[in-house]
Amino acid sequence: MTDAVIAHLRLEERIGGYEAAEAAREAVERPYAAISELIGCQPEEVAVVENATRAWDMAFYSLAFRPGDRILTARAEYASNVIAYLQVARRSGAIVEIVEDDESGQLDVADLARRLHDDGGPVKLVAITHVPTQGGLVNPAAEIGRLTREAGVPYLLDACQSVGQLRVDVNEIGCDLLSATGRKFLRAPRGTGFLYVSRGILDRIEPPFLDLHAATWTAPATYEIRPDARRFENWECNVAAKIGLGVAVDYALSYGIEAIEERVTVLADRLRQRLSERAGIAVHDQGQRRCGIVTFSVEGVPAAVVQKHLSRASVNTSISELSSAQFDFPERSLNAIVRASVHYYNTEDEITALCQALDTLPGG
Ligand SMILES: Cc1ncc(COP(=O)(O)O)c(C=O)c1O
């Protein structure tokens, strides 16, 4: 992937940006077909954009909310999405409603069903994060899709952290819109992402921004929007990174998404088990189904101290803080937790290295 990106940058340097894009036309087109194979849709239903956030924004801000319209979301929703809900609610009078979690910590499907059919006002959108930033939870995306289809309510799934580590099929899930990133489990360059827009919803929503790629200026006072999902893109992009995204998705397809999911799940379960056997460590992942993200805390040691210590032992982790999980952490009496993500290339030895590094944690 890196070689493909660098080769394209070199080509741009040598012959010019437009000329290089033309010469690499097939590779620039490849992400659409590769992504459609990965998530089970048509290439025309894919828009390639700068990141998952922009993909999600383009979908969300396409919907026109009126006073009293309800947005149903989950406790584990991604912070940027919630900020967008709050902004739109403030501007439009729409209502943001949190669907409760069940006792396992995943979205409570029965509570969602109830809210979809109660008389609290029109539900305009169900928007859920599949795998949250702050834990290994996998929300029951397909059960949610069954309910939204029955109710005829648009369903936007933030699959940023599930695509590339879990099998994600848009038809099985039943979502109308799905956003994802290149830079996480797909191992593509930073600054790449994509939006799936189902044929069924394409003509019912209008992108919040249009440019000369998303639409054609047909006469001095008219324009025509593109007939495919690329109406959610903009014209200028990082062509080398886009080529890299196609190569990375092809790589995941060649490894096999089922094989990736199995390996990631086994390694993460192993890490959770090893951590939970240790005194003073609490593992925080919730839900009936868990993925490759493992979150924990060490009694009496701030998450930032644990992260720095692990980093000195060459173990990369990150931290999820309250500002990423305002709907979620207060309910669980959490403030900040350490997040370790495994991928198929990680080894049992690396899991051991993480656990051994915790042995030498000052105050741990
Ligand atoms: C659930 C979720 N959605 C969206 C994003 C944003 O992804 P990107 O950085 O590609 O915009 C993240 C990033 O951490 C995430 O965890």
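Where in the structure is R187 found?

1. This structure is a predicted model, and the opening question can be settled at once: R187 is found in the loop between β6 and β7, the latter covering residues 193-197. The phi angle of R187 is near 65°, which is a positive value in a residue other than glycine. R187 counts as partly exposed because its relative accessible area is 36%, a value that falls between the 20% limit for buried residues and the 50% limit for exposed ones.

2. A positive phi is also found at S314, where the angle is near 60° and the residue is again something other than glycine. S314 has its place in the loop between α12, residues 303-312, and β12, residues 318-321. With a relative accessible area of 65%, S314 is exposed, since the word applies to values over 50%.

3. Turning to the chain as a whole, the model contains 13 helices and 13 strands. The radius of gyration is 21 Å, and the globule rule gives 21 Å for 364 residues, so the chain is as compact as a globular protein of that length. Measurements along the principal axes are best read together with this value: the C-alpha trace spans about 70 × 60 × 30 Å.

4. Two further values describe how the chain is packed. Of its 364 residues, 53% count as buried. If one takes the contacts with a separation of 6 or more, residues that lie 24 or more positions apart account for 68% of them.

5. The largest nonpolar core has 66 residues, and the ones with the most contacts inside it are V126, L178, F296 and L358. Helix α11, which runs through residues 257-276, gives the most to this core, with seven residues. A second core, separate from this one, has 27 residues, including W56, L63, A127 and L156.

6. L358 deserves a closer look in the model, as one of the residues with the most contacts inside the largest core. When its neighbours within four places in sequence are left aside, L358 is in contact with L275, I281, F296, V298, V306 and L310. A reader who wishes to follow this on screen may start from F296, which is both a contact of L358 and another of the residues with the most contacts in that core.

7. I144 lies in helix α7, residues 141-151, and it counts as buried because its relative accessibility is 0%. Apart from neighbours within four places in sequence, I144 is in contact with L107, L112, V126, I128 and Y155. For one of these partners, L107, the C-alpha atom is separated from that of I144 by 8.8 Å, although the two residues are 37 residues apart along the chain.

8. V99 is placed in strand β3, which covers residues 95-99, and at 0% relative accessibility V99 is buried. The contacts of V99, with neighbours within four places left out, are L72, T73, A74, R75, L107, D108, D111, L112 and R115. Between V99 and A76, which are 23 residues apart in sequence, the C-alpha to C-alpha distance is 10.0 Å.

9. Two serines may be described together. S179 is found in strand β6, residues 177-181, and is buried, with a relative accessible area of 1%; not counting residues up to four places away in sequence, S179 touches A52, A55, W56, L157, D158, A159, C160, F194 and L195. S162 lies instead in the loop between β5, residues 155-158, and α8, residues 170-173, and is buried, with a relative accessible area of 0%. With residues up to four places away left out, S162 touches H130, V131 and V168.

10. Finally, how many cavities of 30 Å³ or more does a search of the whole structure find? The search finds one, and the volume of the largest cavity is about 40 Å³. The residues that line the largest cavity are A76, P132, Q134, G135, G136, L137, H284, D285, Q286, D328 and R332. Sorted by class, this lining has three nonpolar, five polar and three charged residues.

Terms used: Residues are numbered from 1 along each chain as its sequence is written. This is a predicted model: local features need pLDDT of at least 70, side-chain atom pairs count only at pLDDT 80 or more; totals for chains, interfaces and linings use all residues. Side-chain values use heavy atoms; hydrogens and water are left out. Helices (H or I, at least four residues) and strands (E, at least two) are DSSP runs, numbered from the N terminus. Buried means under 20% relative accessible area, exposed over 50%, partly exposed in between (1.4 Å probe, protein chains only). Contact means heavy atoms within 4.5 Å. On a 1 Å grid over the protein atoms alone, a cavity is a set of points where a 1.4 Å probe fits but cannot get out, and a pocket is an open set with protein on both sides within 12 Å along at least five of seven lines; lining residues have an atom within 4 Å of a point. Grid points are joined across faces, edges and corners, and a volume is the space filled by probe spheres set on the points. Ala, Val, Leu, Ile, Met, Phe, Trp, Tyr, Cys and Pro count as nonpolar, Asp, Glu, Lys and Arg as charged, and the others, Gly among them, as polar. A nonpolar core is a set of buried Ala, Val, Leu, Ile, Met, Phe, Trp, Tyr and Cys residues joined through side-chain atoms within 4.5 Å. The radius of gyration is taken over C-alpha atoms; the globule rule is 2.2 Å times the number of residues to the power 0.38.
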